[in-house]
Amino acid sequence: MTLQTNMLNYGGRRVVDRTLRGCTVVATAIAIIPLVLIIGYVLVVGGSSLNVAFFTQTYMPPVPADSGGAVDPATGLPADFAGIDVSGGTLADPNAPVVPAEPDLTQIQAQGGVLHGIVGTLLITLVGLLFALPIGLMAGIFLAEYPSNSLATGIRFCCDVLSGAPSIVIGVVGYTLLVQQARTYSGLAGAVAITFLMVPTIARTTEEMLKLVPHAVREAAMAMGAPKWYGTLTVVVPTALTGIVTGALLAFARGAGETAPLLLTIQGNSNLSYDLLAPMAALPLLTYKYIESPFPAENQLAWGTAFVLLLLVLGVNLLVRVVTTRIKGGV
Amino acid sequence: MTVATQAVAHPAHRMTVRQLTPFYGKRQAVQAVDLDVRPHEILALIGPSGCGKSTVLRCLNRMHEAIPYAHVAGTVKLDDTDIYSPRIDATLVRRKIGMVFQMPIALRTRSIYENIAVGLRLGGIRSKGELDGRVEQALRDANLWDEVKDKLALSGLALSGGQQQRLSIARTIAVVPAVILFDEPCSALDPISTLKIEALLLQLRERYTIVIVTHNMQQAARVADRTAVFMVEQSAAVPLGVLVEEGTTDQIFSTPKDSRTEDYLSGRVG
Ligand SMILES: Nc1ncnc2c1ncn2[C@@H]1O[C@H](COP(=O)(O)OP(=O)(O)O)[C@@H](O)[C@H]1O
Ligand SMILES: [Mg+2]
């Protein structure tokens, strides 16, 4: 009697279990399919536009397919730029309006590469990380180790607001405070803007990771007679180091992909530049610029930059995996 | 070894607890406790869960105040020094009165060697030779040396639970405390490891004064010289721990004075 009821219940539970499990599978698929499509499309389309020059050269004006890259020494433009017959041709009727031949944009070939963008993105993001790491780490440690401090509540709130703020707002702030004051766009202004985006990420992941360290570990350090700061730095932080490094790497990946803050701070640069105080190029900005270009060949380059950016982010995520498994492996 | 030289080698330390009243915020956790811990004895604190054994124990080396809202009234003396005196630094108290916890804590990012050396460095020992000697001595004293001498550079996590607990003990005795407090040191261990720790406790008694919290009455009977029994006051609105009686372990287990102790020991309570 009771046994029977139990079995009936069990059957009901199994139906519920199956249904819910089915729902989660469907939801997961819906979440993953666009991701796979985006990555796949960028890899296929972007990958085809890659060649050695793409990684080793900087910007060069596009040329018609048949000019062989000949450049007019006077203008710096291709000799027969955009297929326009610059010789004027023969005019049957001198009074007839001059109608230049409609340029066939598909015949334009892009040349050069995006080395300046790769260098710019790496420089700006690394300098941003350099600024953001100490601030974010210290804020995170403060939040986790002195949680009931009233200042901590304020900082936590600021971090949440900052990480939720539209990144274009960060760009505007960077523009007003740095670009307008210094009277020049610069890689440094971009790095500072990126810093503002990285700090909350680093601070909150650091806080979360430190909170995962069991209280007993802190007590063990304290019971050794260690002052609180000593225990925090030599026992608690190292215990959570994997997670903290992961947070920093993810902040780096996010910073590398940001476009809006850079749009208003670094301006872009067609040449390779290592000068942080001058305008600089960056991959997201180049992607934007090339997509806007009228030449299909340059549109194709945008897929290339998107591809490189995606590789960078995927690479960093892969690195995160390696770091976490390596350390968990007890090395 | 004569009694006299032993006294010189291992100085006798006592603790005197008077009207000790621990609070969590406004809530009093335990009724005022008077307790003496005599030199070179093992004092066991037993009682049902939630009766305040850990709380009282943590008051004995100022670990209680590590909880932000917790505070203490009353006095605790190590020999003639009031450990709660404003002139006394809590971190120094914790070096003098060591503590071993229920969960063996091997500081996970450190090697076995470093697990012990870190406490010694805190005490100002820098020379490699002296560190090596003290680490080895602590591991020997914790009956762990033979098991780990070939893997000092490995992570402490490479050890079994029982070995990690002896590593915790080695870390504690490396800095040569006066008193060692144990909070249920065996409740996460298997029976064999438990017996090893109990044997170690009896060995350590020769040198240190020991207070051990245990919910295992047989363990108290096996190792403790004296036993203090705590109970939860059920009549109060919020549970309040009380020290109902203390005495030699033999007396507590054979002829308890308090009926509540008798009920507890016979398994009728807790
Ligand atoms: N961190 C804490 N904050 C608030 N109350 C606590 C805390 N730790 C213990 N208590 C309370 O103090 C009482 C005694 O707890 P504890 O000393 O851990 O008992 P025992 O070790 O004997 O099981 C319990 O009522 C418990 O709820
Ligand atoms: Mg307890």
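**Exercise 1. In this predicted model, determine which residue stands opposite B:Leu45, and identify the strands that pair with strand 9 of chain B.**

Solution.
Step 1. B:Leu45 stands opposite B:Val213, a residue of strand 9 of chain B.
Step 2. A further residue of strand 9, B:Val211, has B:Leu43 opposite to it.
Step 3. Strand 4 of chain B, residues 42-46, pairs with strand 9 of chain B in the parallel sense, over four bridges.
Step 4. Strand 8 of chain B, residues 179-183, also pairs with strand 9 in the parallel sense, here over five bridges. In this pairing B:Val179 stands opposite B:Thr209.
Step 5. In general, the strands of a sheet pair through hydrogen bonds of the backbone, and the pairing is either parallel or antiparallel.

**Exercise 2. Establish whether strand 9 of chain B is buried or exposed, and explain why.**

Solution.
Step 1. A residue counts as buried when its relative accessible area is under 20%.
Step 2. B:Thr209, B:Val211 and B:Val213 point one way from strand 9 of chain B, whereas B:Ile210 and B:Ile212 point the other way; all are buried.
Step 3. Five of the five residues of strand 9 (residues 209-213) are therefore buried, so the strand is largely enclosed by the rest of the structure.

**Exercise 3. Place strand 9 of chain B in its sheet, and describe the unit that strand 9 makes with strand 8.**

Solution.
Step 1. Six strands of chain B form an open sheet in the order 7-8-9-4-10-11, with mixed pairing.
Step 2. Strand 7 (97-100) and strand 11 (240-248) of chain B stand at the edges; each has a single partner strand, so one side of each lacks a neighbour in the sheet.
Step 3. On average, neighbouring strands of this sheet are turned by 20° against each other, direction ignored.
Step 4. Strand 8, helix 8 (residues 191-204) and strand 9 of chain B make a right-handed β-α-β unit.

**Exercise 4. Describe the largest pocket by its volume and its lining.**

Solution.
Step 1. The volume of the largest pocket is about 430 Å³.
Step 2. The pocket is lined by 21 residues, and A:Glu145, A:His215, A:Arg218, A:Lys228 and B:Ala66 lie nearest its centre.
Step 3. The elements giving two or more residues to this lining are helix 3 (115-145), helix 6 (187-212), helix 7 (215-223) and helix 8 (228-239) of chain A.
Step 4. Sorted by class, the lining has twelve nonpolar, four polar and five charged residues.

Key:
Residues are numbered from 1 along each chain as its sequence is written. Chains are lettered from A and ligands numbered from 1 in the order in which they are written. This is a predicted model: local features need pLDDT of at least 70, side-chain atom pairs count only at pLDDT 80 or more; totals for chains, interfaces and linings use all residues. Side-chain values use heavy atoms; hydrogens and water are left out. Buried means under 20% relative accessible area, exposed over 50%, partly exposed in between (1.4 Å probe, protein chains only). Two strands pair if DSSP finds at least two bridges between them. A crossover is right-handed if, with the strands pointing away from the viewer, the path from the first strand over the helix to the second runs clockwise. Axes are lines fitted to C-alpha atoms, for helices over the stretch in contact, and angles run from 0 to 180 degrees between N-to-C directions. On a 1 Å grid over the protein atoms alone, a cavity is a set of points where a 1.4 Å probe fits but cannot get out, and a pocket is an open set with protein on both sides within 12 Å along at least five of seven lines; lining residues have an atom within 4 Å of a point. Grid points are joined across faces, edges and corners, and a volume is the space filled by probe spheres set on the points. Ala, Val, Leu, Ile, Met, Phe, Trp, Tyr, Cys and Pro count as nonpolar, Asp, Glu, Lys and Arg as charged, and the others, Gly among them, as polar.
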